[in-house]
Structure formats: C-alpha cells, structure tokens
There are 2 protein chains.
Amino acid sequence: MANRFERARQELIATPALVIDLPTIEHNLQRLHCYAKQHGLQVRPHTKTHKSRRLARMQIEHGSVGLTVAKLGEAEVMAAESNDLLIAYPAIDPDRRRRVAELAKSHTIRVAVDSSYGISVLAAAAEAAGSTIGILIDLNIGFPRTGAATPKIALELAQQVAQAGKSLRLDGILFYPGHVWAPADQQAEILTQIDQRLAETIALWEAHGLTANIVSGGSTPTAFQSHMIRRQTEIRPGTYIYNDMNTVRAGYCTLDDCAAAVIATVVSTAVPGKCVIDAGNKTLTSDRNVLQPETGFGHVVEYPDAQIVRLSEEHGEIDFAACDSLPQLGERVTIIPNHICPCVNLQNHAYLQTADGIEQDSVDARGLLT
Amino acid sequence: MANRFERARQELIATPALVIDLPTIEHNLQRLHCYAKQHGLQVRPHTKTHKSRRLARMQIEHGSVGLTVAKLGEAEVMAAESNDLLIAYPAIDPDRRRRVAELAKSHTIRVAVDSSYGISVLAAAAEAAGSTIGILIDLNIGFPRTGAATPKIALELAQQVAQAGKSLRLDGILFYPGHVWAPADQQAEILTQIDQRLAETIALWEAHGLTANIVSGGSTPTAFQSHMIRRQTEIRPGTYIYNDMNTVRAGYCTLDDCAAAVIATVVSTAVPGKCVIDAGNKTLTSDRNVLQPETGFGHVVEYPDAQIVRLSEEHGEIDFAACDSLPQLGERVTIIPNHICPCVNLQNHAYLQTADGIEQDSVDARGLLT
C-alpha cells in the first residue's frame, strides 16, 4: 500500500504520535452514508472511537441523525454538536441517571435499558428533573453481554415504559451484535438469527399495541450487511471512521481505508534480529487482534512481514525474522493498531493530516471517568 | 481480607472510580525503604506507576535519592519534585535528546543508552545546550528487550562516553530484569545469572580504568531479593507503591498490600449467571495476569470466586458460576486490577482515601504523548 501517513512520518513530529488522515476519513464517511442511503437506514455513529467534537461535526455534516455515546461525560461533550444523543449503555446508577435526566431538559436523549429496576429509577430521575427520557429496550440477539433475554421479557419492559407516564417515552429497540466478529462463513447465519429475533419481538410488541419506531443496531463489522437485518432502522458504527487491523483482518476494509496510525521511532536495535520502538501498551494498548490474535500488536506498514511480538508500557518489540532488512536506529515506522478505539482514548491530542498540512486536534472526551 | 476500599465504595462517588488508599501506600513505602536501608541500597522509584506529583513527593520524603521516569513529559513534570532524575529509556530521537539536554541545565539528568549512535547524538545535544548528561550503559542481563548484548559491548560504549568530553558523564550501568516474572523456583537461578553478568562487566570496566558508581536495577518483583544481586547500588521499583494482581499472584505481596482499586457498579444482570459492571478495558486495560492469564481481568474483592471473563470498552462481564450468590443491580464492587500502571494512565483523576476522608488527586503526568 502507498503509506498515506508518509507526510506525517517525514515531518519529525515527536513520537509516538497518533496521526489521523482527514481525506481517508472523508472517504470512509462517504462510503458508509452512501450505503445507508441506498438501503434507507439512518446513521447514528458511536463517538467512543474518536471522542473528538470536530470529527463528530463531520459525521453530522455527512447526514447522521444524531450521535451515540457510552458515557455521560461523552454525552455532555457531544451535546454541543448534536441535539439528539443516544446513550447506548445501561445508565441506571445514581450519578448517570441524574445526568441523563438533566441533559434531557435541553436535548433529545435516549437510553438503552434491559431491566425493570433501570426503567423505574430513570422514570424517577426524569420526574425529579421535569424532563422526558426516551427508552430503547436493549434486546439480547445472541451476544450474551446485556439485553433482555427473550422477546417476552422485552415486551414486559416495553409495557412498563409505556405505562410510566410522561417521564419516559418508548422509542424502540436496541441491540448489539458483538458475536458477528466471527469467521466470514458463520456471519450469514448470525445475521439471519438476528433478523428473526427482531421480527419476533416486534410482532409481539405490535400484538400488544406497542410500536418500535427505532430499531438500532451496531456496529462496524455488520455495517455493510445491515440490509440483511430487515427491521433495523438505524446503525451505530464507531470504528468505521478510522478502521484498524481488526476490521482489515476481518475483511471489512483494506489497509488503504485505515485513517489512523501511530508513528513510532526505533530506539534500540541492541538485540539481534529485533528492534524496539517507542510505542508500548500505553500507546497501542494490549489488545490482540480479534480474529487473528497470533499476528501481534499491530501492523508495521514499512515492514509488512515484521511482527510486534511484545509490548511493555513504553517499549514495542518487533521481530524481523521474516524480513529481508531491518530498520536503522532512529528510523520511523508507521503502525496500524489492532483496535483503534482504546488507542485513541490514551491520547490527549492527535495530529490531523489535512490537504493543507498537519495540525493538532484534541481528543475532547477522553480521560472522563464516567 | 477486610476491604480497605469499603469507605470509598459506600461514598457513592461516581463509578468507575480509581481509588487510592494512602495508609496502604505509607505501609508499602515504609516496607521497601526499611529493606533497602538494611541492605545499603538506594531507592529511585519509577513514577510511571502513579504519575502523581503528590505521591512522588511522598517517595522522596521516605528517602528516595531521586526519581525514575520513562518519558520526557514525565521528567518535565517530576522535575518540580526532585533535582535528580533518571530517564530509564533510550531517549535518543531528536525530540527527546533536545529536551534531555535542556533539562540537564538545571537538574542532574541520567539517561540509559545501549548504542554508539545514541551516545553520539546525546553528546551533540548536550554540547549544543551547554549541559552535561549522565549516562548509564544499559546492559542486557538476560531479558532481550534493550541493552548491550555482552560485557565487551558495554565496555566499548562506556569508553565512548568516557572519551566524549564534558557533554557526557559516565555514571554506571542500568539493567532491567523483566524475565524475573517467572515461577518462584526459577528465580534464584535468574538472580544468580544477573549477579554474575554484572560482576563480569564491572570487572572488565575496572580492568580498563572505568568505574560504575551507579548500578541501577529494577523492579518490583525483584525488589525484596535485591541483596542477591550483590553489585547493585540502587533499585527502581514502580508497582510497589500500589501493588496489583500481578504482584499478588506472583507471591510478592498480599491483597492487603494493594493500595489501588477500581470501584464499579453492576449495571446489568440480564444474562443468567453473569453480571456486567461499568469497568471495561478503557478502565481496567486488556492486560491479563502475567503468571496466571486464565484468572481473568482482575479480582473482585466482594466475590473472590467470581471471574471477570470478558471486557468491552465500557462493560466488564463477570461470571459467578463458582459463587453462592450474585450481586444485585446497582450494587458496587471493588476490583483489584491485574496491572495497575496502565490502568492509572487511563484516568485524569484518582480518589485518595486519607485518614480524614476522600479527596481528588490529579494524575499529573498522564496523556503526555512523549
């Protein structure tokens, strides 16, 4: 691949540096929105990936109907960019529900909930604040993390919301297909199961006079197969704006679609056959590749056969046994991380490559505990 | 164990929250300094673990001779707390060497180096700044990450430093025994090998008229066995101030010695036999336990037989199959992380439990790219 981070690599910005290529982001946004438009799907991107107000603004400009967040801190930052926020998280503890209810005074706020307790306490918080919180019932469609276990439980929760008065508004269903990180030959079956489970749940709701206006699904892996889940009305991809080695190795994009990289410097070549770069797990995280964990801790663009075999906090050890040549001390390399979301979360700032040059962008919503 | 984080857990501070117990820190500092004094060892703690000026000050007050850092950003923050800083990192790229030389104008600065190239460029940087940089030759004592591969190479590098004129000062030897994270029955042999390798290198230096005034070793795992490495003059432990499940499961301390924990809230119990807490890999990191990776992503104090089996970014999934009871929705639990250093690095603030109450402390040196 042509290294689209070559300019940043040559610029001698201090390393390790997180570099974002804006033209590639433009391309990634256009691709997703074009697909969504074609299939009549709304897009509500998950901002956990970039945590940047500037990039959220670009997502809105490309036609997103609103933004998705995981934390209230993110919601409070992104409230400046959109009036329509989805907290795709059971925000039911005292601190979160108070902040949700407060934000719902000025914004359209929706929260995903999977418990009767959660519905009760959110209703009480909204009542105390004098606001209305939109509720999406979180439905377990085969990935056992959160979500109502059966269509019947989802119905009971929806009925509780519908009966809660004006503090809550039943907006629909949310699901997260985390198990779609599977080999390609298993995906069609997973998508079919999700499609059936949703159809069954919605039919049950309708039989009881309830409507799911929004049926919100994730995520980047399934983004371009969303039309196979027929009742879905909106998608919440996050990673698609940057991509990473998880989406590349799963076949969802190519290296050329990766908009974020870490530029690192070789700081030691004292151990024969290896070199050490200044990017360890405090830069790249310890996340292994989801589908190919044996491939190491990221991809070295200039040495595609090299392998990042071990990370300390600030050291990345690269094995060059499969390469014809080794880098020199002081040489810079470009790393595409396995999982870009937690990697961005480690930085206060990123460098943006634009058509005009390189500028700094702040990772506005990182480091917020809650 | 009595949960020393019980007070913070009851306080209803927003979760996830990183809580530090100051009395336990006092205990950990006293234990290490008492041991070091007994054996005539200097202590130069690694501040990468806490990144807090306040805690660095406590380490100085307990008799540390100076501070250790990995990044220049950390050095620039910690320069306010100590006049004597060791950068235990090959700080040889243009940005780092310029900042090292600048800091050396006002502080005693030492840098670990393992290459002739590194020595040349640091000498040039110090000359340009009009300062003197102290050099420790990084020696590979069996952990193949950085470090001169043989005593002979270490001698040649030392000679280069000695001949560099007043820009550099040969201060001694640095080593990092990362391979001491090994089962207990292999450690004595590792320590003996380190001891022999150091003796051999120092003898070679002395035969050529060179002295290693400082012989600086790590780390928390070997801290209390440091007397077995006879030529060592100082130790650079980092984790000892907090401890974590890595040091507990390796047998270096008990759960009662852990001074840092994450308080988390149960936000979903929708999947039978499991619960989800609001601490995922953006709070706990994806680091597995070094010696017992099968134990999951940390220890749940209130449910010691539970296992944190999977982390998403903001979700931690806990399996309670081995427990008699499950927590309720909204209940708070205390998690001791596997590896506390990168975990602290994720937070802008921590809560400190003192004798008087709970206050906030800033993680001053985190989020600094370089």
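How far apart in helix α7 of chain B are Lys152(B) and Glu156(B)? They are 4 residues apart, which is about one helical turn. I start there as the pair forms a salt bridge, with the closest N and O atoms 2.8 Å from each other. Lys152(B) counts as exposed because its relative accessibility is 54%, over the 50% cut-off. Glu156(B), at 39%, counts as partly exposed.

Before I go on, a reminder that this is a predicted model.

Staying with salt bridges, the count over all chains is 52. A second one within a helix is in chain A, between Arg9(A) and Glu6(A), where the closest N and O atoms are 3.2 Å apart. Both residues belong to helix α1, residues 6-10 of chain A, and they sit 3 residues apart, again about one turn. Arg9(A) has a relative accessible area of 15%, so this residue is buried. Glu6(A) comes out at 26% and is therefore partly exposed.

Now a salt bridge that is not within one helix. Glu81(B) and Arg57(B) meet through their side chains at 2.8 Å, N to O. Glu81(B) is in the loop between α4 (72-78) and β4 (84-87) of chain B, while Arg57(B) is in helix α3, residues 53-61, so the pair ties together parts 24 residues apart in sequence. Glu81(B) is buried because its relative accessibility is 13%, under the 20% limit. Arg57(B) has 37% and counts as partly exposed.

Next, the interface. How many residues of chain B are in contact with chain A? There are 60, and they touch 60 residues of chain A. The area buried between the two chains is about 5,000 Å², with carbon and sulfur atoms giving 55% of that. Between chain B and chain A the count is 6 salt bridges. One of them joins the side chains of Lys48(B) and Glu313(A), at 2.9 Å from N to O. There are also 22 residue pairs in polar contact across this interface, with both residues at pLDDT 80 or more. On the chain B side, the elements that give two or more residues include β1 (17-21), α5 (94-103), β10 (260-268) and β16 (349-353). By class, that side has 23 nonpolar, 19 polar and 18 charged residues.

Last, the aromatic pairs. The count is 8 over all chains. In chain A, Tyr303(A) and Phe320(A) pair edge-to-face, 5.3 Å centre to centre with 90° between the planes. This pair links distant parts of the chain, 17 residues apart: Tyr303(A) is in the loop between β12 (299-300) and β13 (307-311), and Phe320(A) in the loop between β14 (316-319) and β15 (332-336). Tyr303(A) and Phe320(A) are both buried.

In chain B, why is the pair of Phe143(B) and Tyr176(B) called edge-to-face? Their ring planes are at 80°, and over 60 degrees counts as edge-to-face; the centres are 5.6 Å apart. Phe143(B) lies in the loop between β6 (133-138) and α7 (151-162), and Tyr176(B) in the loop between β7 (168-174) and α8 (184-207), so parts 33 residues apart in sequence are tied together. Phe143(B) is buried at 9% relative accessibility, whereas Tyr176(B) is partly exposed at 26%.

That is the end of my part.

Definitions and conventions: Residues are numbered from 1 along each chain as its sequence is written. Chains are lettered from A and ligands numbered from 1 in the order in which they are written. This is a predicted model: local features need pLDDT of at least 70, side-chain atom pairs count only at pLDDT 80 or more; totals for chains, interfaces and linings use all residues. Side-chain values use heavy atoms; hydrogens and water are left out. Contact means heavy atoms within 4.5 Å. Buried area is the accessible area (1.4 Å probe) that two parts lose on being put together, summed over both. A salt bridge is a side-chain nitrogen of Lys or Arg within 4 Å of a carboxyl oxygen of Asp or Glu. A polar contact is a pair of N or O atoms within 3.5 Å; within protein, one must be able to donate a hydrogen and the other to accept it, and residues adjacent in sequence count only if both atoms are side-chain atoms. Ala, Val, Leu, Ile, Met, Phe, Trp, Tyr, Cys and Pro count as nonpolar, Asp, Glu, Lys and Arg as charged, and the others, Gly among them, as polar. Rings of Phe, Tyr and Trp (its six-membered ring) pair if their centres lie within 6.5 Å; planes under 30 degrees apart count as stacked, over 60 as edge-to-face and the rest as tilted. Buried means under 20% relative accessible area, exposed over 50%, partly exposed in between (1.4 Å probe, protein chains only).
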